[in-house]
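Reader: I have a structure open here and a few quick questions. Can you take me through it?

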Amino acid sequence: MRKLCRMARSIKNRRIQMAPGIGGFKPHGMQHRKGPDVFIGFEEYEALKLCDYEMLTQAEAAQMMQISRPTFTRIYEKVRQKIARAFVEGSAIYFTGGHVKMAGWYHCSRCQITFTPEMEAAPVCPFCSSSLVQKFS
Amino acid sequence: MFVAISAVENHIASAVDPHFGRCAWFCLLDSIQGTWEFIENPFQHDPGHAGCDAADFLADKGVFMVIAGRFGSMVVERFRELGIQMVIPEPGTYIQRIMQQLNQNER
């Protein structure tokens, strides 16, 4: 009997405002051997930030990330479980990339500011007018 | 036309507030005259959507750029709709430093 081989649907990129500003967390005051490292993707971080820090509803958060509500719920519950596991097992947490696309923030290293450009087609620093700005990630 | 800067205290030696919607003060800088004044944030104690209300409030005052340590996601959407630019400086930046940087560009 021929086995039908079907690829899973490819994952659409999730929209996030900004990547986390830190690399992760490490537990301290360990008594026992620590648990395996936990990796949290940028979209998982964003889901947690929107619902648990900014207190948006899941519907609002899903819309913000441009994904369906069931997809959002899956991501959100996954990250909550990862964090609980890291806490209980004493694991380090590392933030890693994921299936994400960033909203339009840019950075001027001369002025040390992160900003939204007036025109995304030609971003310039609002302080020094330099066009040598980097897309913020 | 005005630049609004979220401030912790109502003087130019104050740090830029780390959050936009619930800051205590806004420093309104007249980008043409170079004058400024501090106004209390009327929404800082609101239970919800203080940021979006503050965004509309500043838009009505003719603000074209807002500076704060962080903007909530709903607020980011609102400012994008309003066509108002958002700027996030390094943490701990003082209002006076922002004014210096803006003045340098005027020349």
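Author: We can go through the fold of one chain and then the contact between chains. Keep in mind that this is a predicted model.

Reader: Fine. What does the secondary structure of chain A come to?

Author: Chain A has three helices and eight strands. From the N terminus the order is β-β-β-α-α-α-β-β-β-β-β.

Reader: And is chain A compact or spread out?

Author: Chain A is more spread out than a compact globule, because its radius of gyration is 19 Å, well over the 14 Å that the globule rule gives for 137 residues. Along the principal axes, its C-alpha atoms fill a box of roughly 55 × 55 × 30 Å.

Reader: Switching to the interface. How many residues does the contact take from each chain?

Author: It takes 26 residues from chain A and 22 residues from chain B. The two chains bury about 1900 Å² between them, with 52% of that on carbon and sulfur atoms.

Reader: How many salt bridges across it?

Author: Two, by the rule used. One of them joins the side chains of A:Arg15 and B:Glu77, at 2.6 Å from N to O.

Reader: Which elements give two or more residues to chain B's side?

Author: Strand S4 (63-67), helix H2 (73-82), strand S5 (85-89) and helix H3 (95-106) of chain B. By class, that side has twelve nonpolar, six polar and four charged residues.

Reader: What does S5(B) pair with in chain A?

Author: Strand S7 (residues 113-115) of chain A, antiparallel, through three bridges. A:Phe115 has B:Val87 as its bridge partner there.

Key. Residues numbered from 1 in each chain as written. Chains lettered and ligands numbered in written order. Predicted model: local features only at pLDDT ≥ 70, side-chain atom pairs only at ≥ 80, totals over all residues. Heavy atoms only, no water. Contact = heavy atoms within 4.5 Å. Buried area = accessible area lost by both parts, 1.4 Å probe. Salt bridge = Lys/Arg side-chain N within 4 Å of Asp/Glu carboxyl O. Helix = DSSP H or I, 4+ residues; strand = E, 2+ residues; numbered from the N terminus. Nonpolar A, V, L, I, M, F, W, Y, C, P; charged D, E, K, R; others polar. Pairing = 2+ DSSP bridges. Rg over C-alpha atoms; globule rule 2.2 N^0.38 Å.
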